Amino acid sequence: MSISLETLLKKALQEEPLSREEVLCLLNLKEEDEKGKLFETARMLRRRYFEESIFLYGFIYFSTWCRNDCTFCYYRSSNELPLRYRKPQEQVLEVSTTLANSGVHLLDLTMGEDPNYFHKKKGVHILLSMIQEVKKKTGLPIMISCGVWSDEVLDDLVEYGADWFACYQETHNPTLFQALRPLQDYNRRLLAKRSAVQAGMLIEEGILSGVGESLEDVADSIHAMKQMNPHQARVMNFVPQRGTPMANYPFPPPDREQVILAVLRLTLPRRLIPASLDVNGIQGLKGKLKAGANVVTSLIPASSGMKGVAQSELGIFEGQRTVGAILPILEELELKKASLQAYLNWVGKQKQGLFH
Ligand code: SF4
């Protein structure tokens, strides 16, 4: 390395753009003390823009049906193992209310590309009505994580109350993308996020780690995300899923996710970076917060009957994915749950920025 780690981290702290070589150097850190310095820098940048405040997202996986066959996903269409459900609107409203009352800042309405919603005009209207009712009942910002939609539907989503559009590329290596998301269009998925911004939504981009990517691929993804400048950027470790072609893939080490997360914080210091409870549950949360995350996602009420995505059941029944369960962890790390007003202000400010 031609540049010392200290110099590199100082450069990041001054918010000077990092070169691909510098990003690779950070991704390659092996020593614990070096990674510790990286995480500390990430926390300093988080503090600069968000102080000690952490946002919390409720997760509602309302349909586990999907027409796609992503090789990494438990709910891929050809997997016969998962329990498939399509929750009625009343239940979605009930769970949304429970989450809102528990103090989350946003509701993430998620499904695979369920043909019932995608292929029939009526299906889209059921989704739009669900968004409208959840918004009316809770008043919370809504994120839609429901696949790739036409520009026309994206406009409708905004009209009916969606604030965020999450659509993860998972990798920015088109060849690997094709292996992970067979028969899906790389560019169409990428452009859907641009269309969502034009329609008036904030966007979330994301990558998976441990799915066969090289460190160079990760550096390229980080560069692509810097260019895209999504309002929220996530990395999630891959979890091998039963009944899929990647069932025997090894689990990536937890700190791989943490290092990438910290480099994302250095690259996008003003943006939201989530720590998902969907990978190692509550046990993995501290490491991600220490690496610079400022959102906790995938909160699911214990008795809701809803599933997670990467870990369909982990910690849900035990009530470990609730606001009450994570508050002590925030306190231990000298962090605190942000006020709802702080989140609404942040979202409002970002939305104003969409039109400049
Ligand atoms: S990752 Fe999403 S689109 Fe792909 S199979 Fe799973 S639910 Fe469907």
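# Close-up views of a predicted model

**View 1. The largest pocket encloses about 520 Å³ of space.** The coordinates shown here and in the other views come from a predicted model. Among the 19 residues that line the largest pocket, Tyr49, Phe50, Arg270, Trp346 and Gln350 are the closest to its centre. Helix 3 (32-50), strand 1 and helix 14 (340-354) are the elements that give two or more residues to this lining. Helix 14 contributes the most, with five residues. Sorted by class, the lining of the largest pocket holds eight nonpolar, five polar and six charged residues.

**View 2. The largest cavity holds about 760 Å³ of space.** It is lined by 45 residues, of which Thr110, Tyr168, Glu170, Arg234 and Val309 are the closest to the centre. Seven strands are listed as each supplying at least two lining residues: strand 1 (53-63), strand 2 (106-111), strand 3 (142-145), strand 5 (202-209), strand 6 (232-237), strand 7 (274-276) and strand 8 (295-299). The lining of the largest cavity consists of 24 nonpolar, 12 polar and nine charged residues. In the structure as a whole, the count is two cavities of 30 Å³ or more.

**View 3. The second largest cavity holds about 40 Å³ of space.** Its lining is made up of Glu170, Thr171, His172, Ile207, Leu208, Val211, Glu213, Asp217, Val218 and Ser221. Two or more of these residues come from strand 5 and from helix 10 (215-228). Helix 10 gives the most to the lining of the second largest cavity, with three residues. By class, this lining has four nonpolar, three polar and three charged residues.

**View 4. Glutamate 170 sits in the loop between strand 4 and helix 8.** Glu170 is among the residues closest to the centre of the largest cavity, and Glu170 also lines the second largest cavity. Glutamate 170 counts as buried because its relative accessible area is 4%, under the 20% limit. Its phi is near 75 degrees, a positive value in a residue other than glycine. Most residues other than glycine have a negative phi.

**View 5. Asparagine 229, in the loop between helix 10 and strand 6, also has a positive phi.** The phi value of asparagine 229 is near 55 degrees. With a relative accessibility of 36%, asparagine 229 counts as partly exposed.

**View 6. Helix 9 (residues 186-199) has 14 residues.** From its first C-alpha to its last, helix 9 reaches 20 Å, close to the 20 Å expected at 1.5 Å a residue. Tyr186, Arg189, Ala192, Lys193, Ser195, Ala196 and Ala199 are the buried residues of helix 9. An α-helix has 3.6 residues a turn, so residues three or four places apart point the same way. The cover over the buried residues of helix 9 includes helix 7 (151-159), strand 4 (164-166), helix 8 (174-180), strand 5 and helix 10.

**View 7. Glutamine 184 lies in the loop between helix 8 and helix 9.** Glutamine 184 is classed as buried because its relative accessible area is 12%, under the 20% limit. Apart from its neighbours within four places in sequence, glutamine 184 is in contact with Asn68, Cys70, Phe177, Gln178 and Arg189. Of these partners, Arg189 is one of the buried residues of helix 9.

**View 8. Methionine 306 is placed in the loop between strand 8 and helix 13 (323-332).** With a relative accessible area of 2%, methionine 306 is buried. Residues up to four places away in sequence aside, methionine 306 touches Ile60, Tyr61, Phe62, Tyr85, Lys87, Val95, Ile300 and Ile316. Methionine 306 is 282 residues from leucine 24 in sequence, and the two are 38 Å apart in space, C-alpha to C-alpha.

**View 9. Cysteines are shown in a structure in which a search finds zero disulfides.** Cysteine 146 is in no disulfide, and the nearest cysteine sulfur, that of cysteine 167, is 10 Å away. A disulfide would need the two sulfur atoms within 2.5 Å. Cysteine 146 is buried, its relative accessible area being 0%. Cysteine 25 also counts as buried, at 16% relative accessibility.

Definitions and conventions:
Residues are numbered from 1 along each chain as its sequence is written. This is a predicted model: local features need pLDDT of at least 70, side-chain atom pairs count only at pLDDT 80 or more; totals for chains, interfaces and linings use all residues. Side-chain values use heavy atoms; hydrogens and water are left out. Buried means under 20% relative accessible area, exposed over 50%, partly exposed in between (1.4 Å probe, protein chains only). On a 1 Å grid over the protein atoms alone, a cavity is a set of points where a 1.4 Å probe fits but cannot get out, and a pocket is an open set with protein on both sides within 12 Å along at least five of seven lines; lining residues have an atom within 4 Å of a point. Grid points are joined across faces, edges and corners, and a volume is the space filled by probe spheres set on the points. Helices (H or I, at least four residues) and strands (E, at least two) are DSSP runs, numbered from the N terminus. Ala, Val, Leu, Ile, Met, Phe, Trp, Tyr, Cys and Pro count as nonpolar, Asp, Glu, Lys and Arg as charged, and the others, Gly among them, as polar. The expected span of a helix is 1.5 Å times one less than its number of residues. Contact means heavy atoms within 4.5 Å.
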